[in-house]
Amino acid sequence: MKMRFRLSQIASVTGLLMALSFQHAAFGQQSGATDMGRVEVTGSRLKTIVNEASSPISVVSKAEIDVTQPVSVEELIRGLPASYPAIGPGINNGSNGTASIDLRGLGSNRTLVLVNGKRFVPATLGGVVDTNNVPVSLLDRVDVVTGGASAVYGADAVAGVVNFVTKRSFSGIEATSTYSQSAIGDAMRRKNDVTMGANLADDRGNVVLHIGATRTDPIRLADRSYAVTALTSTTGRPGGFSGTSVPSIISGMPAPINGSQVIDATTGLLRTAVSSGPPDGYNTNPPNYFETPLDRTQLTGMGRFKINDYAEAYAELYSIRSNVTLNLAPSGTFGVGLTMPIGNPYIPDAVRQQLCSAYAISAANCVAGGTTPFTAAYARRFVEAGPRIYSYDNTVMQYTGGVRGEVPFVSNWNYDAYYSFGRSEQIQTTGNGFSFSKLQQAANAVSTTNCLVNTGGCVPINLFGPAGSITPAMLAYLSVPTYGTTLVEQTVLAGSANGEIEAIKSPMAKSPLNVAFGYENRKVYGGNSFAQKKPHPVGIETLRAEAGVGAEDTWMVGDSSVDILTARAAGVWACGVTYGFQPETLGDPVPDLVCGQMDEFADHILRLR
């Protein structure tokens, strides 16, 4: 569910002031302002008058930033007419742990994000920049271009460009601490920043160091009376509930118990379930977040030094660590088809008789402990485990070094050449996730203490009881923590020059022909990160003896199989598919884990020993 929550009444007022300020800034640029000289305007490589641009530009000033006191810079863009709701702190189900900007609703990957006119390393494989990485306290202004930028920057600027411009010079020490909360006293925000700077060599240079720490508390839908229950969009009444509930909603059975069925708490018999709302559906709202929490630490360093009249060296360094956590409704079986014996000890006797009648199982076999199998689909919510927790740990580093200045012996010509490297890594950890293969093994039981296939410490599961009937031991057996890693690296080598050709001038123009030349070599690598492969120092037979694993235990690899211990001795700690892997311990192998060829690490193997 995607919902937005404005933090407080004060925030609502400042948001309105921001919107008015954006409109005023855009209007001011259209009306003739004082000529402030020729500068490079966002959206063009040409040096031009600051109040003249071929595309509409909205500017958020430092004063407006100080008034709003945003936690992340994407909050500054929300008031723009061209801004479209994107992933941020107001998105829980569907978030990827970042805060992004979407202009015109064309997608965040079509909105280019720049810092000081240069590309910042993306945080996702789709090329989207996490604006949580931009240091708010160092911003001097924000330029927003909403049209015509793709001709200059490429297809990722079709929707527009957002350029975060930091202070060019800072001298002294500035410490700021901001605390805020919602109107009812929750959703605490804490933001602390220290900025230090000094001028060098008679103001020929300047260095700045910024350290910032931000922490925000979450708000659950359960914390607001108007959001605690899911409502339908047709009647406005409670509805739109999940069909994975507690007790289980069972389907896929023959008549007369076909359709969705649930065990009635009064009669103890199966009856038709009402899964879209009360009384049988599951209300997923309460644990979900209105406002997701953020824990972030930033370190930013900037410096410049004027070597001579024609060259100024500059450098920038960004290092950020952040964590974003999401809460979703508890996990469950989600209608998975399971085969179990009719004598499963957790099937109530009255329900067992209904099942035997529908599946034509004889009375002799329709007893507790009977091994005659039947198959049905179960939608049981594991409320005993608590909500699913998605934790995103983000680590970002980017540095830039370059030289800029005036072209020697040529008037009105400037150049800029730089090298930039950025690396973004995200580790997603999911808590309270469960294995479907272990669920099938646990359902295949005729006693409460042992499964029919009792390997791996199998604990029989109760899918027929009310809330609280699944024990911690059952959950511990089913539990499989999952991980996903995303790595993006960006390297940019670029140079540009621009200026006027005074010999070429139209009689109708105020200025000579203005031209720009540039070169950019940009390489972006995106994929799953993994550690270096290291062979295991212990032999295979020793490993097999310690783990109690036989030669028949394998992982499936495509259409063939690989001995678990052979893979382990080769250095494989865990493997998986696409964006996730399942950790595997020596004493508890995961034979059903699908992975790529052991020597093709870049394709599927996500983490090695």
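What follows is a chat between a visitor and a guide about reading some features of this structure.

Visitor: Before we start, what kind of model is this?

Guide: It's a predicted model, so keep that in mind as we go.

Visitor: Okay. How many disulfides does a search of the whole structure find?

Guide: Look for cysteine sulfur atoms within 2.5 Å of each other. Here the search turns up 2 disulfides. One joins C356 and C366, with the sulfur atoms 2.0 Å apart. The other joins C451 and C458, and their sulfur atoms are 2.0 Å apart. If you number the bonded cysteines in sequence order, the pairing reads 1-2, 3-4.

Visitor: Is each disulfide right-handed or left-handed?

Guide: For that, check the torsion about the S-S bond. For C356 and C366 it is about 100 degrees, so that disulfide is right-handed. The link of C451 and C458 has -80 degrees there and is left-handed.

Visitor: Which parts does the C356 and C366 pair tie together?

Guide: C356 sits in helix α5 (residues 349-359), while C366 is in the loop between α5 and β21 (373-379), so the pair ties together parts that are 10 residues apart in sequence.

Visitor: Are these cysteines buried or exposed?

Guide: Buried means under 20% relative accessible area. Both C356 and C366 are buried, and C451 and C458 are buried too.

Visitor: Let's talk about cores. Which residues touch the most other members of the largest nonpolar core?

Guide: Picture buried nonpolar residues joined through their side chains. The largest such core has 35 residues, and L355, Y378, I461 and F464 touch the most other members. Elements giving two or more residues to this core are β20 (336-341), α5, β21, α6 (436-443) and α7 (472-478). Apart from it lies another core, of 29 residues, including V134, L139, Y318 and I320.

Visitor: What is L355 in contact with, leaving aside its neighbours within four places in sequence?

Guide: Its contacts are M253, I257, L270, I342, I347 and F374.

Visitor: Now sheets. In what order do the strands of the open antiparallel sheet come?

Guide: Follow the strands from one edge across to the other. This sheet has 5 strands, in the order β16-β15-β14-β21-β20, and the pairing is antiparallel. β16 (270-272) and β20 stand at the edges with a single partner strand each, so one side of each has no neighbour in the sheet. From one strand to the next, the twist averages 45 degrees.

Visitor: How many bridges are there between β15 and β16?

Guide: β15 (residues 261-263) pairs with β16 over 3 bridges, in the antiparallel sense. Zoom in and you'll find V262 with R271 in β16 as its bridge partner.

Visitor: And where does α5 lie?

Guide: α5 lies across β15, β16 and β21, and runs at about 115 degrees to β21.

Visitor: Which strands stand at the edges of the mixed sheet?

Guide: That sheet is open as well, with 5 strands in the order β3-β8-β9-β6-β7 and mixed pairing. β3 (57-61) and β7 (118-119) stand at its edges, each with a single partner strand, so one side of each is left without a neighbour in the sheet. β6 (residues 111-115) and β7 pair in the antiparallel sense over 2 bridges, and L114 stands opposite R119 in β7.

Visitor: Back to helices. Which residues of α6 are buried?

Guide: A useful idea first: an α-helix has 3.6 residues a turn, so residues three or four places apart point the same way. In α6, the buried residues are K438, L439, Q441, A442 and A443. β20 and α7 are among what covers them.

Visitor: What about odd spots in the backbone, like cis peptide bonds?

Guide: You spot those from the omega angle. A cis peptide bond joins V246 and P247, with omega about 0 degrees. P247 is in the loop between β13 (219-220) and β14 (249-251). The bond from A255 to P256 is cis as well, with omega near 10 degrees, and P256 lies in the loop between β14 and β15.

Visitor: Which residues other than glycine have a positive phi?

Guide: N116 is one of them, with phi near 55 degrees, and N116 is found in the loop between β6 and β7. Another is N432, with phi near 65 degrees, placed in the loop between β23 (413-431) and α6. N432 has 25% relative accessibility, so N432 counts as partly exposed.

Note on methods. Residues are numbered from 1 along each chain as its sequence is written. This is a predicted model: local features need pLDDT of at least 70, side-chain atom pairs count only at pLDDT 80 or more; totals for chains, interfaces and linings use all residues. Side-chain values use heavy atoms; hydrogens and water are left out. Helices (H or I, at least four residues) and strands (E, at least two) are DSSP runs, numbered from the N terminus. Buried means under 20% relative accessible area, exposed over 50%, partly exposed in between (1.4 Å probe, protein chains only). A nonpolar core is a set of buried Ala, Val, Leu, Ile, Met, Phe, Trp, Tyr and Cys residues joined through side-chain atoms within 4.5 Å. Contact means heavy atoms within 4.5 Å. Two strands pair if DSSP finds at least two bridges between them. Axes are lines fitted to C-alpha atoms, for helices over the stretch in contact, and angles run from 0 to 180 degrees between N-to-C directions.
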